[in-house]
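Walk me through this model, starting at the ligand and moving outward. Keep it brief and stick to what the coordinates give.

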Amino acid sequence: MPSRNLSAIRRLLDEVGPVDPTGIEERVAKYGTRSVKKAAKVFGLNLAVSMVDLTTLEGKDTPGKVASLCQKALHPHQGLDCPTTAAVCVYPAMVKHAAKIVKGTEVKIASVATAFPSGQAPLKTRLAEVKAAVADGADEIDMVINRGAFLAGELSLVQDEIASVLEACGAATLKVILETSELETYDNIRAASFLAMQVLRPGDFIKTSTGKTSANATLGNNQVMLEAIRDFYLSTGTEIAMKPAGGIRTAKQALTFLIAVKETLGDAWLNNQRYRFGASGLLNDLLRQLVKEKTGCYQAPYHFSESASSY
Ligand SMILES: O=C[C@H](O)COP(=O)(O)O
C-alpha cells in the first residue's frame with residue numbers, strides 16, 4: 001500500500017469541488033431506464049461504431065493479427081452501410097504494421113505508449129517509447145498516469161509527467177488513462193481528471209482504464225469524468241474529450257454510456273472527436289444489433305468475424 005498524503009488532493013478538491021457519490025449513483029441509475037428504439041437506436045449504434053477504438057493489447061499480438069484488425073476497422077461488416085471505427089489501438093511495436101493498412105484513411109492509429117499498463121518505467125524510457133510510436137505513425141497516444149505518485153499526493157510530479165508526455169506527442173492526440181479502479185474514490189477520480197485537464201490541449205482525452213485490472217469502465221466513473229469535463233469547460237472554455245475503456249462488450253452498455261454523454265455534455269460531445277469507446281469486444285455486438293435492425297433477424301455470433309468482414 002503506498003503511503004497516503006491526501007492533503008494535496010484535498011486542496012485540489014477545495015478548488016474544483018468534491019463529488020456527491022449518491023448523486024452520481026442516482027443519475028447513472030436513470031440512464032439504464034431510458035428506452036432507445038428504431039431510428040434513434042440505429043443512429044446510436046452507428047454513432048457507437050464510429051467511436052470505437054478497436055483494440056488488441058495482448059502479448060500474443062502479431063503483425064498478421066493487427067493487419068486483420070485494421071481491415072475490420074476499415075470494413076466492419078460486408079453488406080452493412082456503417083462507418084469505420086475511429087481508430088485501432090495497439091502496442092507500440094505494432095504501430096508500423098497498422099500504418100501499412102490504415103495510414104491515409106480515416107481510421108487513426110492509437111498506441112498505448114508509456115510502459116502500459118503499469119507505467120513502471122523511468123520517465124525517459126516512457127518518453128522515448130512515445131516518440132518512437134509517433135515516428136512509426138501513431139496519431140494518438142494513450143498514456144497511463146503515475147498512480148503511486150498520485151495516491152502519495154505528489155500531484156506536481158504527476159502533472160509534470162503528463163506535460164512531458166504531451167510534449168513528446170508533438171501533433172499526436174494524447175489520451176490520459178487515470179486507471180480509475182486504482183484511484184479508490186470518486187473524489188480521487190475527479191481530482192485526477194482536473195490534474196490532467198489543466199495541462200491538456202482542446203481535443204485531448206481523459207480515459208478511464210487500461211482494461212488490464214479487475215475493474216474497468218463503469219457508468220459511475222464515466223459520469224464523474226463527464227461532469228469534470230463539463231465543469232472544466234464551463235470554467236475555462238476548453239473542450240476535453242472522453243474515453244471509457246475496458247469491459248464494454250454490449251451495444252446496450254454502449255447506448256447507455258451515450259445517453260450519459262448526451263444528458264451531461266450535450267450533442268457537442270456526441271462525435272468521435274469528443275468521445276470514444278476503448279474496446280476489444282464491443283464492435284461485433286454493435287454490428288449484430290445493426291443487422292437485426294436492418295433485417296429483423298439476429299445473426300449468430302459466428303457470422304461476425306474478429307477480423308475482416310464476413311457477412
Ligand atoms: O483501452 C482499451 C482496453 O484495453 C480494452 O479493454 P477490453 O479488452 O476489456 O475491451
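Start at G247. One of its backbone N or O atoms lies 2.8 Å from an oxygen atom of the ligand. The model is predicted, ligand surroundings included in what follows. Two side chains also come up to ligand oxygen atoms. In S280, a side-chain N or O atom is 2.5 Å from an oxygen of the ligand. In R249, the corresponding distance from a side-chain N or O atom to a ligand oxygen is 3.1 Å. The protein buries 91% of the 310 Å² that the ligand exposes when taken alone.

Where does the ligand sit? It occupies the largest pocket. The residues around the ligand come from several stretches of the chain. T55 and L57 are among them. So are K207, T210 and G211. A245, G246, G247 and R249 also belong to this set, and G278, A279 and S280 complete it. By character, this shell divides into 7 polar, 3 nonpolar and 2 charged residues.

Now move to the loop between β3 and α6. Strand β3 covers 108–111 and helix α6 covers 123–136. P117 is found in this loop. The peptide bond that joins F116 to P117 is cis, with omega about 0 degrees. A115 has its place in the loop between β3 and α6 too. Its backbone deserves a look: phi of A115 is near 55 degrees, a positive value in a residue other than glycine. Is A115 buried or exposed, or does it fall in between? Its relative accessibility is 21%, so A115 counts as partly exposed. The cut-off for buried is under 20%.

A positive phi turns up again at E179. Here the angle is near 50 degrees, and the residue is again one other than glycine. E179 is found in the loop between β5 (173–177) and α9 (186–197). Which accessibility class does E179 belong to? Its relative accessible area is 1%, so E179 is buried.

From E179, go to A215. These two residues are 36 positions apart along the chain, and their C-alpha atoms are separated by 9.1 Å. A215 has its place in the loop between β6 (205–207) and α10. With a relative accessible area of 33%, A215 is partly exposed.

Helix α10 itself spans residues 219–236, and N222 has its place there. How accessible is N222? The relative accessible area is 0%, so N222 is buried. For a sense of scale, pair N222 with P76. They are 146 residues apart in sequence, and their C-alpha atoms are 26 Å apart in space.

Two more helices finish the route. Take α8 next, residues 155–169, where E161 has its place. E161 is a buried residue, because its relative accessible area is 8% and buried means under 20%. The side chain of E161 has a partner: a polar contact of 2.9 Å joins it to the side chain of R126.

The last stop is helix α4, residues 63–74, which holds L69. What relative accessible area does L69 have? The value is 8%, so L69 is buried. To place L69 against a distant part of the sequence, use A251. L69 and A251 are 182 residues apart along the chain, and 19 Å separates their C-alpha atoms.

To recap the ligand site: the ligand sits in the largest pocket, and the protein buries 91% of its area.

How values were computed: Residues numbered from 1 in each chain as written. Predicted model: local features only at pLDDT ≥ 70, side-chain atom pairs only at ≥ 80, totals over all residues. Heavy atoms only, no water. Near = heavy atom within 4 Å. Polar contact = N/O pair within 3.5 Å; in protein donor to acceptor, adjacent residues only side chain to side chain. Areas by Shrake-Rupley, 256 points an atom, 1.4 Å probe, with all protein chains shown as cover. 1 Å grid on protein atoms, 1.4 Å probe; cavity = no way out; pocket = protein on both sides within 12 Å on 5 of 7 lines; lining within 4 Å. Sits in = over half its atoms within 2 Å of the grid points. Nonpolar A, V, L, I, M, F, W, Y, C, P; charged D, E, K, R; others polar. Helix = DSSP H or I, 4+ residues; strand = E, 2+ residues; numbered from the N terminus. Buried < 20%, exposed > 50% of the residue type's maximum accessible area, 1.4 Å probe, protein only.
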